[in-house]
Amino acid sequence: MKRLLCLLLATVIPSLAAQDKEVRTIRFRTLCFEFAPGERVVTASGDPTLASKATVELSRRLDSRQDQLSVTAGQVVLGKLGTDAAGKPMLGPMAVARLPAAGSEFLFLLVPSGKEAGEVYRCLVLPDDTANFPPGGFRLINMSHTKLRFAMGNEKFELLPGTIKLLEKIGGVREDGRFAYVAQYQDGETWNRLSTGFWTRRDKIRSVQIAFLDPKTQRLTMRGYDDTLAVVAGGAKPPSQAR
């Protein structure tokens, strides 16, 4: 899982703004793939002085609400707010989201790191704006150890371990938006069924599908999320929530 997450990070974030001192304002959401040990309500800040911070409740559900932060160090730390030996406020990191050099809207996908304390999550940063992930699109993420093969309507493709594919349009969709899909995984020279059925494309909904090895059952499975962030009347941006 750690190696796959590193591959995903390299794919999504080709250049980091780690040395960027310019203040930038971002909107972000979090999604816990699985819960790690520790607090469920955390503080997020991209400012070493903690002048700008937000309170975030970690969840395994994809919420349409965004938080807003002013970022000065090219990354956002999520963790427990406390004080150091001198009594100054400090943020003990449970996860660190390293931002790409461009963009202002992000989804932080949190995956347990296996640690019992400290940075208990590893963070995959995904662009969350509608230009990079338009309404009606499907984002497929392969967090498994093996190659996947998909047939979605008229679209057929393979997805290597640790990679992401975005489908903005899908051929072969019925009038009601439904289309048949087949997902398979490779085992040696054999392709085995992972999941089959029907998915629905909706003009104002974005779909996220994640393939992963369930640590509890040790079986390859898929988890899907319908993302309503883009459903805003008149095309207006959803209101920012800074707390």
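In this predicted model, contacts that span long stretches of sequence are frequent: among contacts between residues at least 6 apart in sequence, 61% join residues at least 24 apart. The chain that makes these contacts holds one helix and 16 strands. Of its 243 residues, 44% are buried. What remains open to solvent adds up to an accessible surface of about 12,400 Å², and carbon and sulfur atoms account for 48% of that surface.

A look inside the chain comes next. The largest nonpolar core contains 24 residues, and those with the most contacts inside it are Ile26, Leu69, Val76, Leu99, Phe108 and Tyr121. Many strands take part in building this core: β1, β2 (41-45), β3 (54-57), β4 (67-71), β5 (75-83), β6 (89-98), β7 (105-112) and β8 (121-127) each contribute at least two residues. Valine 76 offers a helpful example to follow in the structure. Leaving aside residues up to four places away in sequence, valine 76 touches Ile26, Ala44, Ser45, Gly46, Leu69, Val71, Ala95, Val96, Ala97, Leu99 and Phe108. Another core, of 17 residues, lies apart from the largest one and includes Phe138, Met152, Phe157 and Leu159.

Strand β1, which covers residues 24-32, also holds arginine 24. Is this arginine buried or exposed? With a relative accessible area of 13%, arginine 24 falls under the 20% limit and therefore counts as buried. Its side chain still finds polar partners in the backbone. One of them is the backbone oxygen of proline 100, reached at 3.0 Å. Another is the backbone oxygen of glycine 103, which lies 2.7 Å from a polar atom of the arginine 24 side chain.

The cysteines complete the picture. How many disulfides does a search of the whole structure find? The count is zero. Why does cysteine 32 form no such bond? The closest cysteine sulfur to that of cysteine 32 belongs to cysteine 123 and is 9.7 Å away, so the pair is too far apart for a bond; a disulfide would need the two sulfur atoms within 2.5 Å. Seen from the other side, the closest cysteine sulfur to that of cysteine 123 is the one in cysteine 32. Both residues are hidden from solvent: cysteine 32 is buried at 0% relative accessibility, and cysteine 123 is buried with a relative accessible area of 6%.

Notes:
Residues numbered from 1 in each chain as written. Predicted model: local features only at pLDDT ≥ 70, side-chain atom pairs only at ≥ 80, totals over all residues. Heavy atoms only, no water. Helix = DSSP H or I, 4+ residues; strand = E, 2+ residues; numbered from the N terminus. Buried < 20%, exposed > 50% of the residue type's maximum accessible area, 1.4 Å probe, protein only. Contact = heavy atoms within 4.5 Å. Areas by Shrake-Rupley, 256 points an atom, 1.4 Å probe, with all protein chains shown as cover. Polar contact = N/O pair within 3.5 Å; in protein donor to acceptor, adjacent residues only side chain to side chain. Core = buried A, V, L, I, M, F, W, Y, C linked by side-chain atoms within 4.5 Å.
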